[in-house]
Amino acid sequence: MTALDSALQTMNTGTVRLDSLARLLSQANRECGSVAVGGYVNEVSRSAIGVRGISDKVQLGDLVMIRCDQHLHPAEVVRLEQTQTLIKPFDDRITPSLGSPVFPEGQFRIAPAPDWKGRVINALGEPLDGKGLMTAGAEPVPVDCAAPSAMNRNRVEKGLRSGVNVVDVFVPMCFGQRMGIFAGSGVGKSTLLAMMTKAADFDTVVLALTGERGREVRDMLEDTMAGKLDKTIAVIATGDESPMMRRLAPNTATAIAEYFRDRGDNVLLIVDSITRFAHAAREIAIAAGEPPVSRGYPPSVFSQLPRLLERAGPGLEGQGTITGLYAVLVDGDDHNDPISDAIRGTLDGHIVLDRTIAAQGRFPAVDILGSISRLAHHNWSPDQAKLATGLRSLISRFEETRDLRMIGAYQTGSDPQIDQAVHLVPLIYGTMQQTPASPLSQDPYSDLATALRPTEPS
């Protein structure tokens, strides 16, 4: 007989004093508190797992643990119904049997700490670098939280140097800005991002490699970012991992960046790529029963994107900033596909990489005319703004008359501006070329002026 049964029997017979009844009820409470309350698996498919018995104990997005093969495996609630809950494991290789127990764990949280710098972790915050367990910070925070209030966060006003000449001259950035790098596959997004991590103005770098090739991880960390790892936290979810891990990785990285921003750091947050985050969110939403509405993307994907992107930016008074760089994989080189269009409308600027420019051997393959920074005026001085605008005009005339000049239909002297563009633009392109091995330029405007001065027309 349990303590609870004894207490009930005591109440019915009335033969024991009240203090004895209190002791029995206390023992019953302790016994009930030691028992995990959960549900059981009643449906298993490739896309999701059905669970009964926890619908009234969980919320959408909560973490649950599935017992399978004598181990507990994490999963997330992706759909709630009156009689059944749909969950999706973070490791999609597990196959629980019918009747396997499932236990609610509440909202998923991580607890970043200052000594996380220099570590490589997965989307769940578990170490991948063999350096031991992660130190738990004082206050666990949810990985999916709201952005700071628009009226309370600081303004974006202070310019920075990225170390990439073409970016610093034509699409300059500021601390707290969110910039997208748009390109098709194989045009140089990851290389450009790696070059921008060399900027010396940041206290902390948080790198989220989402859905990328596994071989690129060590190349990025050990070669491209050599010398910067002591201030870098890398969150890795490669393309062979489950969509749950690929969707979680940018949220985990952003939560870590928010922790260091709140400590007063200027943080560089790099997500490569945000498109793979959207692909993972699409898989999960479809598994949960959402209908696709735009090129196969369910509506929830377009609400998750701005919620994630808006978390980057300046913090509140006295806090630091999160400067966000997001690689956007343009499907089929179509820059107007739904995901690219939604991201471009949310960010504070975009850098477009062009396959034709890459084929010409110019790297970074930045389309200067197609790229824009909405906060450039905070970085440029009046003279720099005038110079950049004038150079853009020359590049525009050079490119729009390229075909005309190639067929010999233009005669030198017909248009002084075209003649000037023909002389100067190749020199501009040459000055803007860089590789990851190139030294950082301290003053790209001075380098540009030096390159152009000997050929200025009299």
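## A walk through the chain

Let's start at Pro140, which sits in the loop between strand E8 (120–122) and E9. Keep in mind as you look that this is a predicted model. Is Pro140 buried or exposed? Neither label quite fits: its relative accessible area is 43%, so Pro140 counts as partly exposed. Leaving aside residues up to four places away in sequence, Pro140 touches Arg109, Ile110 and Ala111. You can also use Pro140 as a starting point for a distance across the model: Glu317 is 177 residues apart from it in sequence, and their C-alpha atoms are 22 Å apart in space.

A little further along you'll find Met151, in the loop between strand E9 (141–142) and helix H3 (165–170). Met151 has 74% relative accessibility and therefore counts as exposed. Try another pair here: Met151 and Asn379 are 228 residues apart along the chain, with 23 Å between their C-alpha atoms.

Now step back and take in the whole chain. It has 14 helices and 17 strands, and its C-alpha trace spans about 115 × 45 × 40 Å along the principal axes. There are 458 residues in the chain, and buried ones make up 50% of them. If you take the contacts with a separation of 6 or more, 70% of them are between residues 24 or more positions apart.

What about the inside? The largest nonpolar core has 57 residues, and Phe170 and Ile351 are the ones with the most contacts inside it. Helix H13 (residues 416–432) gives the most to this core, namely six residues. Click on Ile351 and look at its neighbours: beyond the residues up to four places away in sequence, Ile351 touches Val167, Val171, Met179, Gly180, Ile181, Phe182, Leu192, Val366 and Ser371. There is also a second, separate core, this one of 51 residues, and it includes Met244, Ile256, Val271 and Tyr326.

Met244 brings us to a pair of helices. Two packed helices are described by the angle between their axes and the distance between the axes. For helix H6 (residues 243–262) and helix H7 (residues 274–287), the angle is about 130 degrees and the axes are 8 Å apart. Are they parallel, perpendicular or oblique? An angle of about 130 degrees lies between the 115 that ends the roughly perpendicular range and the 145 above which helices count as roughly antiparallel, so H6 and H7 are oblique to each other. H6 passes H7 in a left-handed crossing. On the H6 side, Pro243, Met244, Arg246, Arg247, Pro250 and Asn251 take part, and they meet Arg276, Phe277, Ala280, Ala281, Glu283 and Ile284 in H7. Sort the residues of this contact by type and you get seven nonpolar, one polar and four charged.

Compare that with H8 and helix H9 (residues 338–346), which pack at an angle of about 35 degrees with their axes 10 Å apart. Their crossing is right-handed. H8 brings Val301, Phe302, Leu305, Pro306 and Leu309 to the contact, while H9 brings Pro338, Ile339, Ala342, Ile343 and Thr346. Here the residues divide into nine nonpolar, one polar and no charged.

Finally, zoom in on the backbone. Most residues other than glycine have a negative phi, and most peptide bonds are trans. This model has some spots that go the other way, so let's visit them. Where do you find cis peptide bonds? One joins Asp272 and Ser273, with omega about 5 degrees; Ser273 is in the loop between strand E13 (266–272) and H7. Another runs from Phe363 to Pro364, with omega near -5 degrees, and Pro364 has its place in the loop between helix H10 (355–359) and strand E17 (372–373).

For positive phi, look at Gln70: its phi is about 65 degrees although Gln70 is not a glycine. Gln70 lies in the loop between strand E3 (63–68) and strand E4 (71–80), and with 70% relative accessibility it counts as exposed. Arg295 is another residue other than glycine with a positive phi, near 50 degrees. You'll find Arg295 in the loop between H7 and helix H8 (299–309), where Arg295 is exposed, with a relative accessible area of 56%.

Definitions and conventions: Residues are numbered from 1 along each chain as its sequence is written. This is a predicted model: local features need pLDDT of at least 70, side-chain atom pairs count only at pLDDT 80 or more; totals for chains, interfaces and linings use all residues. Side-chain values use heavy atoms; hydrogens and water are left out. Axes are lines fitted to C-alpha atoms, for helices over the stretch in contact, and angles run from 0 to 180 degrees between N-to-C directions. Helices (H or I, at least four residues) and strands (E, at least two) are DSSP runs, numbered from the N terminus. Angles under 35 degrees count as roughly parallel, over 145 as roughly antiparallel, 65 to 115 as roughly perpendicular and the rest as oblique. A crossing is left-handed if the near helix is turned anticlockwise from the far one by less than a right angle, and right-handed if clockwise. Contact means heavy atoms within 4.5 Å. Ala, Val, Leu, Ile, Met, Phe, Trp, Tyr, Cys and Pro count as nonpolar, Asp, Glu, Lys and Arg as charged, and the others, Gly among them, as polar. Buried means under 20% relative accessible area, exposed over 50%, partly exposed in between (1.4 Å probe, protein chains only). A nonpolar core is a set of buried Ala, Val, Leu, Ile, Met, Phe, Trp, Tyr and Cys residues joined through side-chain atoms within 4.5 Å.
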